[in-house]
Each structure stands twice: as C-alpha cells, then as structure tokens.
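Please open the model in your viewer and keep the sequence panel visible. The tour below proceeds by selection, with a short account of what each selection contains.

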Amino acid sequence: MRVVFGGSLGQARLEVGVTAASSEPVSGGYLLRGREVRAFAPSRGAQFFRHGWQSWSLAAWVGLGEPPKPLFPKERRPQADDPFLLDAAEWGGAWWGSGLGALRLADGKVLLLGALDLGARVLGRQEVLLGRYALGEGRWFLAYGPEEEVFSAYASHLPRRLSGKPLRVWCSWYGYYTRISEALLLAALEEVAHFPFEVFQIDDGWQRALGDWEANDRFPRGMAFLAERIREKGLRAGLWLAPFLLTPDSPLGHARPEWVLRDGEGRPIPAGFNWGRPLYALDSGNEEVLEYAAGLVRKVREWGYDYIKLDFLYAASLPGAEGEGRYRKAMERIREEAGGAYLLFCGAPILASLGLADGLRVGPDAAPYWDNEDRSLWLSDPTGPGLKNALRTTLHRLWLRENVQVDPDVAYFRSCFSLLTPEERRLQEAMGEITGFKATSDPPSWLTPEERERLLAFLSQDQAVNQLGPYRFQVGEEVLDYASLL
Ligand code: 9PG
C-alpha cells in the first residue's frame, strides 16, 4: 500500500510505499500495525538516525555508507547497547536502532518510523526503513517532514510524565568517584549548602556490595543519619541504587542463585563489564526479585531519601528489547513503591522508561575530559565517558523533552581535576540550560572565585533558551552551535 504526505497548501507531496497489516492517518503522520513493517523511501537516504537502546548507547545520524563496527570482544561487551543490535551489526552489516529509525532524504527532510509499543528495532537501508517487534504484533508511527516536526509528532504519541521544574542537583560521582565516606560527604555538604541546590545526591560507593544495600564501614552512622543531616540543610536527600545488578562476588548471587538471570545452560547472562569485573543481572521476571527491588526503594525512602537514582536499569530488560515488557512491569512496581519520590532512571532502556521516570539520563557519562581517543578511535566506541559522547547523544534525544525531564549529566565549573577547556565546559553548562536539568559534582572548595560565581549564576538564574536549528541554540546572549562536534 501507499501513504501520501503533504500535497496541500504548496507543501511537497511525498508518496511512501508501505508494507504493514494496516495503516490509518493520525495526527502528524500514519499509524501502522504489524510485527514487521517496511517504509520505502522515494529517494535514497544518505543518513540514518540510529537510536541507541539505553541511556549510554549512541543516538546520532550516521552515514549509511559506513557500516557499523563491532565493539569489544564478546566477553567484554559493553552494556551500552541492546546485545542483539551488536550481534546484528556484526553479521548483517546494516545499521539498526532501538524503537525508532529515520532516513534523511535527498530533499533534507526526514522519514521517521517509530514504535509505539515495546520491544522494537528499526533497520535502515538507503531506500527502506524496516521495523520489527521482537515478540509480536505492535503499532508504529510513520511521519515525513522537517526533522524537528517529525520527532516532535512521534513524541506526542509516546507516554509522558512531566513533574514540574527539574531540580538542581549536587551529585557525588564526578568529584569523588567511589571514594566517598560519611566524613567526606559531611564536609562537602557544608560547602554545597551555601549554594542554591535542591538535592544532595550520594552516588555509588556507599553500599557494601551490589546486592547488599547497607552502608559500608566508611558510613559508620548509617545512611538514615546522612539523610537527616542533608535535610537539616534544607536539601532533599538523594541516593544511588543499581537494583538489578550483581557482580560474581556479590553475596546475594550466592545466597539466591535462582535470582540470577541465566541462559539455557544455567550460565549467568553477561550484563556488561564495570569496576574491573563482569556484571550479572537479577531476573526481573522473578516475583521475589521484584519484591527485593521494591523493598530496596521502600527502605531508602524510610531512611529519608526522596530522590533516587536508579542505575544500570537495562539489566532488568536483558537479553535486550525482548525483555522490555518485563522491564516495564518491574519499573511500574518500583514507581508505585516510590510514591512521590523523584526517580532518575540511568543506563535505562529509553522508550520503555517513558511515563514512569521523572528524569531520564539520555547520554553517556560526562567525564571531565572531552574524549577518550583510545576508546573512541581505536575501539570505535562512541559510548565511553567524556563530554563529546555525552553531548552528541543528548543532542539527538532532546525531542524527548516533551515526555520526560532529560538529564544531560553534570556540568563542570572546576578547572582542577579536569582536562576540559572553558569552551568545552560552556557547551555542557548550556546543555543544562537547554534541558533545565542542572547538576554538578564539583565541590565548591575546588573552585576559584570566578568559577564559584559561575556556578552560582548557573543555579540561580535560568537563561532564556531559543532553539535556532537542530543543533543551534541561543542561550541568554550567546549562540551555541553544537554542529561542529558532530
Ligand atoms: C556509578 C556511575 C554513575 C554514573 C552512571 C554510571 O561500563 N559502562 O558502560 C558504564 C557506563 C556508565 C557508568 C558506569 C559504567 O556510570 O552513569 O552517573 O552513577 O554509574 O558507578
């Protein structure tokens, strides 16, 4: 069958051949149904919009002339993508994305095919977009037009949860890494409290082990004590959790071997590699695991935390898009348990998190350097920590602002412990203005007087933001052009 775009009021008319079980017009495009659908472009596209599966995966326009490159060896697979996509890339040689895909056609306009249900992947070739649901029938949205319009039309058909203005967050991770302690955080809190932050968020490093979510010996008075000190300063207390993740040495995996997600032969399914160790996932289809995860959220709320950063969430969806229904059920349970607490989802399957997360990390980690070329050049991996990767993927997910608070990760104000130039810092700071999500990990005592002024201005004034093009923004008096980094 064929669907027709435009043709009225002098608009360009475009006919697109479609194979699907059915198609009907909806606002901004067409609704298609089917397990597998195809949209045939009338001209060859040179670029494909590749949408990564989870927060850290690459979202960007890629050249269809350059095939995707395999990343790491299998046993060191990064967790940054849908494992199926990585394998498919190796043998198929074609670009795939998660949930949606788009072609930029010869006229510069965009043909977008996006899933409206969970568990979908979209393959791009020069003249066709092919969408396929991993497990069964589903709905699709097809649109053609200027880039910003088609993405916005797609977003309008996806779940939303927008809960007021984003919070201003101090997060321990990009200053202290895992080397946090009660004494160190109390000292940081004293400094942070002089600035207009709303949340003091304790990141990775407080727990005994993955799966053992009690304070370790560096927190002698426990986590409820710290939450109380944070609240006394008029701040909301935030805490990091990775509820579905284990390492091989996690006591929980030994106590509850049946909770570990395993393949047909009983081997734990690889869930990535971090902290120098392989990662395992908890089986989110197991009712006891869900009770454990909900219990964790209940416990930290009782300790006094009402901003919870839930990390490595893709683990609840493994082995990939197939697990998104299971993931969604698990996160609905957690959402219910969390009540009014703010939930920041990180390392999370993007589309399957909409409507449940208050905030969603939409890119890799913003490390205090521009790019790790060892990783990006030699290993062809665009997902490692660094501002370049973080900004690239965040820029390609800004259209999700209509559905969820998008977290571009922290901005840097410090010149110590950093390789960032002032211009690079400015690009990330402005991304905080563009998204409204303002966070940093800089302890104020690391800052020069000028840097402290800049942090104060960032937190206390919201600059007017005007989008001038897909990658050009006016932020306050300044025009920022992100195109050069793409
Ligand atoms: C704590 C950190 C911080 C950070 C999160 C997450 O191996 N990886 O691909 C990988 C990516 C991100 C990452 C860790 C590992 O960082 O994004 O903000 O909370 O965990 O450990």
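A residue is called buried here when its relative accessible area is under 20%, computed with a 1.4 Å probe on the protein chains only. The model is a predicted one.

**First stop: helix α10**

Select residues 387–395, which form helix α10. Eight of the nine residues in this helix are buried, so the helix is mostly covered under the cut-off just given. The buried positions are Leu387, Asn389, Ala390, Leu391, Arg392, Thr393, Thr394 and Leu395. To display what covers them, add β7 (60–63), α11 (422–435) and β29 (472–475), which are among the covering elements.

**Second stop: Arg392**

Within helix α10, now select Arg392. Which side chain of opposite charge is nearest to this buried residue? That side chain belongs to Asp371, and it is 6.3 Å away. A salt bridge requires a side-chain nitrogen of Lys or Arg within 4 Å of a carboxyl oxygen of Asp or Glu, and therefore Arg392 has no salt bridge. The side chain of Arg392 does make a polar contact, at 3.1 Å, with the side chain of Asn389, another of the buried residues of α10. Leaving aside residues up to four places away in sequence, Arg392 touches Leu58, Ala59, Ala60, Pro382, Leu485 and Leu486.

**Third stop: strand β12**

Move to residues 128–133, strand β12, where five of the six residues are buried. Add β11 (residues 120–125), which pairs with β12 in the antiparallel sense over six bridges. A hairpin of two residues joins β11 to β12, and Ala120 has Tyr133 of β12 as its bridge partner. Then add β5 (residues 36–40), which also pairs with β12 in the antiparallel sense, over five bridges. For this pairing, select Arg38 together with its bridge partner in β12, Leu130.

**Last stop: the ligand**

Finally, select the ligand and the residues around it. How many residues surround the ligand? There are 16, and the closest are Tyr174, Asp203, Asp204, Lys309 and Asp365. Three of these side chains merit individual distance labels:

- Asp203: a polar side-chain atom lies 2.7 Å from an oxygen atom of the ligand.
- Asp204: a polar side-chain atom likewise lies 2.7 Å from a ligand oxygen atom.
- Lys309: an N or O atom of the side chain is 2.8 Å from an oxygen atom of the ligand.

Terms used: Residues numbered from 1 in each chain as written. Predicted model: local features only at pLDDT ≥ 70, side-chain atom pairs only at ≥ 80, totals over all residues. Heavy atoms only, no water. Buried < 20%, exposed > 50% of the residue type's maximum accessible area, 1.4 Å probe, protein only. Helix = DSSP H or I, 4+ residues; strand = E, 2+ residues; numbered from the N terminus. Pairing = 2+ DSSP bridges. Contact = heavy atoms within 4.5 Å. Lys, Arg positive; Asp, Glu negative; His and termini not counted. Polar contact = N/O pair within 3.5 Å; in protein donor to acceptor, adjacent residues only side chain to side chain. Near = heavy atom within 4 Å.
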